[in-house]
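Work through the exercises below with the sequence and the model open. Try each task before reading its solution.

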Amino acid sequence: MIPATLEQLEQVRKECRTMVRKRATASAGTTLVPLPGTDVLADVGMLMQLLPAINNKFGLSQKQLDGMDPETKSMIYGFVMSIGSKVIGRMVTKELVVQVLKRVGVRVATKSVAKFVPFAGQGLAAALSFTAMRYVGNKHVDDCYEVVKRMIEQRELIPGEPAPSALEEANRDNIKIEARSISSNGADEPAKESKDQ
């Protein structure tokens with residue numbers, strides 16, 4: 001379910017960043033395995049779990065979006081397209097994760113090579129792995145946060161609820177109408193009573 005307030009949204013972001021930090025730490029640990037490519041495969045596997053979990057926390061998984069009314073769904077997809085995310089509201093596949101990793105491809109390639117450099121190599125590879133995983137995860141968290149933030153802001157301007165300037169005009173019109181009805185009803189009655197007496 002999409003967070004309804006900015007406070008709830010901020011809480012979800014904190015929870016997701018904690019998940020990202022844990023996965024990034026696990027990713028750094030996979031670099032200790034000396035077999036080529038195992039760390040990249042582990043990263044792909046971790047991201048295939050992490051990215052959908054983040055979507056789900058923000059209420060932006062494909063399943064959750066499919067259950068929304070067409071207008072809300074269309075609005076969310078519009079926000080997703082405007083920020084350029086390829087992961088929000090989609091089924092997270094291996095191919096999609098590989099595309100995301102290509103964005104940080106230099107780091108991933110450097111990590112794979114660095115772990116074969118004696119001593120400092122594994123430390124460097126672990127640091128690069130942690131950084132790359134954290135970057136991908138936090139970028140996705142920030143994208144989801146931005147989409148939901150825009151959605152919350154949009155809800156505040158729902159057609160049934162006029163914008164603040166329209167409210168002020170409506171209040172002025174209501175005051176004028178009330179003043180007219182009071183002056184026409186209230187002023188006539190005392191005048192009639194005084195004539196009768």
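**Exercise 1.** Leaving aside its neighbours within four places in sequence, which residues is Asp143 in contact with?

*Solution.* Keep in mind that this is a predicted model. Start by placing the residue: Asp143 belongs to helix 7. Next, drop the neighbours within four places in sequence. Ile83, Ser85 and Ile88 are then in contact with Asp143. Now check burial. The cut-off for buried is under 20% relative accessible area. Asp143 has 12%, so Asp143 counts as buried.

**Exercise 2.** Is Asn55 buried or exposed? Find its contacts too.

*Solution.* Locate Asn55 in helix 2. Its relative accessible area is 1%, so Asn55 is buried. Then list what it touches, not counting residues up to four places away in sequence. Among these residues are Leu60, Ser61 and Gln64. The run Val87, Ile88, Gly89 and Arg90 is also touched by Asn55, as is Val92. His140 and Cys144 complete the list for Asn55. Compare with Exercise 1: Ile88 is in contact with Asp143 and also with Asn55.

**Exercise 3.** Which members of the largest nonpolar core touch the most other members? Trace the helices behind this core.

*Solution.* The core holds 34 residues. Leu47, Ile54, Phe58, Leu60 and Ile76 touch the most other members. At least two core residues each come from helix 1 (6-30), helix 2 (38-58), helix 4 (70-83), helix 5 (94-103) and helix 7 (120-155). Helix 7 gives the largest share, 9 residues. Now take Ile54 and set aside its neighbours within four places in sequence. Ile54 is in contact with Cys16, Met19 and Val20, and with Gly137, His140, Val141 and Cys144. As background, nonpolar side chains tend to be buried together in soluble globular proteins.

**Exercise 4.** Over which ring does the charged end of Arg13 sit? Then count the aromatic pairs.

*Solution.* The ring is that of Tyr145, and the charged end of Arg13 lies 3.7 Å from its centre. For ring-to-ring pairs, apply a cut-off of 6.5 Å between centres. The count is 0 aromatic pairs.

**Exercise 5.** How many helices and strands does the protein have? Add the overall figures.

*Solution.* The protein has 8 helices and 0 strands. Along the sequence the pattern reads α-α-α-α-α-α-α-α. Of its 197 residues, 31% are buried. Take contacts between residues at least 6 apart in sequence: 78% join residues at least 24 apart. Finally, the exposed area is about 12000 Å², with 59% of it supplied by carbon and sulfur atoms.

Terms used. Residues numbered from 1 in each chain as written. Predicted model: local features only at pLDDT ≥ 70, side-chain atom pairs only at ≥ 80, totals over all residues. Heavy atoms only, no water. Core = buried A, V, L, I, M, F, W, Y, C linked by side-chain atoms within 4.5 Å. Buried < 20%, exposed > 50% of the residue type's maximum accessible area, 1.4 Å probe, protein only. Helix = DSSP H or I, 4+ residues; strand = E, 2+ residues; numbered from the N terminus. Contact = heavy atoms within 4.5 Å. Phe/Tyr/Trp six-rings, centres within 6.5 Å; stacked < 30°, edge-to-face > 60°. Lys NZ or Arg CZ within 6 Å of the ring centre and 35° of its normal. Areas by Shrake-Rupley, 256 points an atom, 1.4 Å probe, with all protein chains shown as cover.
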